[in-house]
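Got the model open? Let's walk through it one selection at a time.

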Amino acid sequence: MSQATPEASLLITNAEVIVTMDDQRRELRGGSLLLRGPRIEAVWPAGQLPPGTTADATIDATGHAVLPGLVNTHHHMYQSLTRAILAAQDAELFSWLKTLYPIWAGLTPEMVRVSTQVAMAELLLSGCTTSSDHLYLYPNGVRLDDSIDGAAQIGMRFHAARGSMSVGESAGGLPPDRLVEDEAAILADTQRLIEQHHDHGRYAMLRVVAAPCSPFSVSPGLMKDSAALARSLGTRLHTHLAENDHDVAYSRARFGMTPTEYAESVGWLGDDVWHAHCVKLDAAGIAAFAASGTGVAHCPCSNMRLASGIAPVRRMLDAGVPVGLGVDGSASNDGAHLLGEARTAMLLARVGKALDPFGCDTGPAEMTARAMLEVATRGGARVLGRDDIGHLAPGMAADLALFDLRTLGFAGGAVHDPVAALLLCAPAQAAYTIVNGRVVVRQGQLATVDLGPLLERHNRLARQLAGG
């Protein structure tokens, strides 16, 4: 009888600080961690590393901050192909979508695979280890399997959202008719994907999500049927909600309800649901989200880029709404740096306080650096329904990001408060990113795919998609 192969181990020693985000929110100066296989085996404060502790590999984290891997709760990775498209640079949500729909109609399976890897490379290099992606267009033979294949090659923990659109312009929706799908086919493919790919287990690297796109592109029937399907198969639900004033006006005109009332009417409130944006969530909506445990993916850069507004994140958090961060699509953010997104979210909450008549009179303390780091880690894990990522403790997934505090951007900052400096100073690239115990970024370089040829291929496809 053959013996099981021993799991690889990795020892990280002498960190400037380990930001555990554990239940005690410990910050361990000079601490060390031992990873074994996909999990954290031990976390030690300074001076408590047992003598003689060894591992298959060691990283000397002197001068580095060690964080739980950041969690991205909303993305449209294919949009990296259409960053900075001239005609959509200064548009709000609806006109932005109408400008880009005809371009996205040219997507191919190769474009989806390559753009997924480019988007994930950018996230990994910013310290993000887990990402959702909402793919809701399936022209020219595109399948969600194309994204899944790309993620497996690059090594990112992935929540693949099977998006969909079924109500075209002729039926009162926003997308062109040629981009919508038959609802029976949508449900059948969603079931196939969940049954074929979804991993319910601890440390799962791949989960599949049912994700009709938005109130203005799918029917109430599809919303109800998707919720029933997902719940019967034990997976989660994701969509867009209350993104801007036009979105709210559409819900009132089409359904005679606020976005939250509509979500409730189709079964889309609950602790297995999260909604992207929620910029215009009103007080009643916040209360309903809090009472039901419904999550929010906060996307500050995209919300500013499209002039959608400032989401009431502080009020959501104070009410008990689960909130995580999302970079949103690369054509409405034009970047996917999750540590930078956290910095923006912190700053925007402070500005938003001055414009929010319901905000607390707390000034810059409206959102602290540590509070936003918690949103970017534990908050994102809660939104995605994960109890195995988001903080560093024995038994948690071996997902970490290391940032070198000795670099130029942290000069004079990390010496005073190395944790707050991660957000108060300019966003840094990760020195190391570890996913499921595997080093995927090493000394600031992607370790799983050759980035140069990938970018050349991506840019060639971007020109092709745009007709250039």
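Start by colouring by domain: select 9–69 together with 389–446 for domain 1, then 70–384 for domain 2. Keep in mind that you're looking at a predicted model. If you drop a centroid on the C-alpha atoms of domain 1 and another on those of domain 2, the two centres sit 29 Å apart.

Next, pull up the contact between the two. You should pick out 41 residues on the domain 1 side and 31 on the domain 2 side. Together the domains bury about 3000 Å², with 62% of that on carbon and sulfur atoms. Which residues of domain 1 lose the most area to domain 2? Show M21, I389 and L423 as spheres: those are the ones, and together they make up 22% of what the domain 1 side buries.

Now switch to the polar side of things. There are 5 salt bridges between domain 1 and domain 2. For a salt bridge to zoom in on, show the side chains of D399 and R157, where N to O is 2.8 Å. Widen the view to polar contacts and the count between the domains is 18 residue pairs, both partners at pLDDT 80 or more.

Turn on the cartoon and look at the face of domain 1 that touches domain 2. Strands β7 (64–68), β16 (400–404), β17 (432–435), β18 (438–442) and β19 (445–446) each give at least two residues to that face, and so does the helix α13 (421–424).

Last stop: colour that face by residue class. You'll get 24 nonpolar, 9 polar and 8 charged residues on the domain 1 side.

Technical notes:
Residues are numbered from 1 along each chain as its sequence is written. This is a predicted model: local features need pLDDT of at least 70, side-chain atom pairs count only at pLDDT 80 or more; totals for chains, interfaces and linings use all residues. Side-chain values use heavy atoms; hydrogens and water are left out. Domain bounds come from an automatic or database domain assignment. Contact means heavy atoms within 4.5 Å. Buried area is the accessible area (1.4 Å probe) that two parts lose on being put together, summed over both. A salt bridge is a side-chain nitrogen of Lys or Arg within 4 Å of a carboxyl oxygen of Asp or Glu. A polar contact is a pair of N or O atoms within 3.5 Å; within protein, one must be able to donate a hydrogen and the other to accept it, and residues adjacent in sequence count only if both atoms are side-chain atoms. Helices (H or I, at least four residues) and strands (E, at least two) are DSSP runs, numbered from the N terminus. Ala, Val, Leu, Ile, Met, Phe, Trp, Tyr, Cys and Pro count as nonpolar, Asp, Glu, Lys and Arg as charged, and the others, Gly among them, as polar.
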